[in-house]
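The following exercises are to be worked with the sequence and the model at hand. Each task is followed by a solution in steps.

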Amino acid sequence: MTEETIKKICYTKEEVDSMVAAALAEARAIDEASMRKHNRDATIISMILGFTTLALFVDGLLRILGIIPPFMHIDVNILDKISDRVEHDVIDKVRQVPIKRLFSN
């Protein structure tokens, strides 16, 4: 085999280096494009999950406060319980305090 035949069949080191550099540049471009797409998709998914979580939290809070009516007849309103407890416990304790003694000092 002559040197000319080998040059026709095989690549030189410079040709191989340039092909490897081109392949690396193409791989980096593909990687950057796929990372941009992943970041955009992850951002959209995070926004949807965050908005849904916030909406469910606000819904639960408004149901607990009694602003929104119960769902499926499950009453989680705590304001009535708190007001009843304050009326019975705290007001009874306030009535036990001798007010005349407080104002006479």
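A residue is called buried under 20% relative accessible area, exposed over 50%, and partly exposed in between (1.4 Å probe, protein chains only). The model is predicted, so local features need pLDDT of at least 70 and side-chain atom pairs count only at pLDDT 80 or more, while totals for chains, interfaces and linings use all residues. Residues are numbered from 1 along each chain as its sequence is written, and side-chain values use heavy atoms, with hydrogens and water left out.

**Exercise 1. Classify lysine 93 by accessibility, and state where it lies.**

Step 1. Lysine 93 has a relative accessibility of 56% and therefore counts as exposed.

Step 2. Lysine 93 is located in helix 3; helices (H or I, at least four residues) and strands (E, at least two) are DSSP runs, numbered from the N terminus.

Step 3. From the C-alpha of lysine 93 to that of valine 20 the distance is 86 Å, for a sequence separation of 73 residues.

**Exercise 2. Determine how many salt bridges a search of the whole structure finds, and describe the one formed by aspartate 17.**

Step 1. Side chains of opposite charge can pair when their charged atoms come close. The criterion for a salt bridge is a side-chain nitrogen of Lys or Arg within 4 Å of a carboxyl oxygen of Asp or Glu.

Step 2. The search of the whole structure gives 5 salt bridges.

Step 3. In one of them, aspartate 17 pairs with lysine 13, with 2.9 Å between the closest N and O atoms.

Step 4. Both residues belong to helix 2 (residues 13-64), and their spacing of 4 residues is about one turn of the helix.

Step 5. Aspartate 17 is partly exposed at 40% relative accessible area, whereas lysine 13 is exposed at 59%.

**Exercise 3. Identify which residues are linked with Asp41 in a network of salt bridges.**

Step 1. Aspartate 41 meets lysine 37 in a salt bridge of 2.9 Å, N to O. These two residues are 4 apart in helix 2, which means a separation of about one helical turn.

Step 2. Aspartate 41 also meets arginine 40 in a salt bridge, here at 3.5 Å, N to O.

Step 3. Lys37, Arg40 and Asp41 are thus joined in a network of salt bridges.

Step 4. Relative accessibility is 27% for aspartate 41, which is partly exposed. Lysine 37 is partly exposed at 45%, and arginine 40 is partly exposed at 49%.

**Exercise 4. Compare the expected span of helix 2 with the distance between its end C-alpha atoms.**

Step 1. The expected span of a helix is 1.5 Å times one less than its number of residues.

Step 2. Helix 2 has 52 residues and should therefore span 76 Å.

Step 3. The end C-alpha atoms of helix 2 are 75 Å apart, in agreement with the expected value.

Step 4. After helix 2 comes glycine 66, with a positive phi near 85°.

**Exercise 5. State which residues gather in a patch of negative charge on the surface.**

Step 1. Patches consist of residues with over 30% relative accessible area and no salt bridge; like charges are joined within 9 Å, and nonpolar side chains (Val, Leu, Ile, Met, Phe, Trp, Tyr) within 5 Å. Areas come from the Shrake-Rupley method with a 1.4 Å probe, and for residues only the protein chains shown count as cover.

Step 2. Lys and Arg count as positive and Asp and Glu as negative, while His and the chain ends are not counted. The place of a charge is NZ of Lys, CZ of Arg, CG of Asp or CD of Glu.

Step 3. The negative patch on the surface is formed by Asp75, Asp80, Asp84 and Glu87.

Step 4. Aspartate 75 lies in the loop between helix 2 and helix 3 and is exposed at 53%. Aspartate 84 lies in helix 3 (residues 79-96) and is partly exposed at 40%.
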